[in-house]
Amino acid sequence: MLQQIVGHTPLYVWAILAFLVTRGVAASRTRTASLRSLFIIPAVMTVLALLQIGRFAAPGLPALAWLGAVAVGVLLAWRGQGAVAVDRAAGTVTQAGSWLPLVLMLTVFCVRYAVAVAGAVRPALADGSAFALAVAVLLGLCNGVLAGRVLRCLPAWRAAGAGLAPAA
């Protein structure tokens with residue numbers, strides 16, 4: 001059965017997986033990037049989550065659960081991330097490397113893949129409210145932590161613009 005599932009997976013899915021792994025490995029190293037570019041992966045992962053939630057039979061409650069989980073994820077990331085260095089003149093932010101973005105992106109990928117497989121193999125399971133809530137919460141936590149890592153850079157960016165020391 002696993003061979004059938006993998007065999008029927010469209011090629012673009014494997015390209016997305018390769019892209020996510022590439023971006024996750026890049027995030028494992030200390031890197032300097034524009035503040036705007038730091039928002040790309042969290043935005044893409046958020047769109048993927050919202051598209052998934054929108055496919056559920058009754059997306060209202062899962063959307064609320066997702067939103068609550070995003071808030072929790074942002075708070076976790078806000079408290080857990082180290083210092084960032086900002087160069088306003090160059091328009092860049094330097095973040096310490098972490099394997100966490102790779103884990104989060106792969107979690108979102110695997111959850112979406114599992115939901116697609118469940119929908120194909122057992123449609124009744126995929127339409128269940130408990131299933132939808134579990135998926136929404138898991139995706140929300142991942143989205144929140146990814147977004148929180150970037151949002152944590154904003155105070156350092158503002159402080160650098162005001163001539164203050166970078167936030168720790």
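Mentor: A disulfide is a pair of cysteine sulfur atoms within 2.5 Å. Keep that cut-off at hand as we go through this predicted model.

Trainee: Happy to! How do you know that Cys-142 is too far from the closest cysteine sulfur for a bond?

Mentor: The closest cysteine sulfur to that of Cys-142 belongs to Cys-110, and it lies 10 Å away. A bond would need the two within 2.5 Å, so the distance is too far. For Cys-153, the nearest cysteine sulfur is that of Cys-142, 19 Å away, and Cys-153 is in no disulfide. The structure as a whole holds zero disulfides.

Trainee: What makes Cys-142 count as buried?

Mentor: Its relative accessibility is 4%, and buried means under 20%, so Cys-142 qualifies. Cys-153 is buried too, with a relative accessible area of 0%.

Trainee: Now the helices. Why is H4 called roughly parallel to H6?

Mentor: Helix H4 (residues 40-54) packs against helix H6 (residues 100-121) at an angle of about 20°, and their axes are 11 Å apart. Angles under 35 degrees count as roughly parallel, and that is why H4 gets this label relative to H6. The crossing of H4 past H6 is left-handed.

Trainee: Which residues of H4 and H6 meet?

Mentor: From H4 come Ile-41, Met-45, Leu-48, Leu-51 and Gln-52, while H6 brings Met-105, Val-108, Arg-112 and Val-115. Sorted by type, the residues of this contact are seven nonpolar, one polar and one charged.

Trainee: What makes one of them charged?

Mentor: Arg counts as charged, and Arg-112 in H6 is part of the contact.

Technical notes:
Residues numbered from 1 in each chain as written. Predicted model: local features only at pLDDT ≥ 70, side-chain atom pairs only at ≥ 80, totals over all residues. Heavy atoms only, no water. Axes fitted to C-alpha atoms, helices over the stretch in contact; angles between N-to-C directions. Helix = DSSP H or I, 4+ residues; strand = E, 2+ residues; numbered from the N terminus. Parallel < 35°, antiparallel > 145°, perpendicular 65-115°, else oblique. Left-handed = near helix turned anticlockwise from the far one by under 90°. Contact = heavy atoms within 4.5 Å. Buried < 20%, exposed > 50% of the residue type's maximum accessible area, 1.4 Å probe, protein only.
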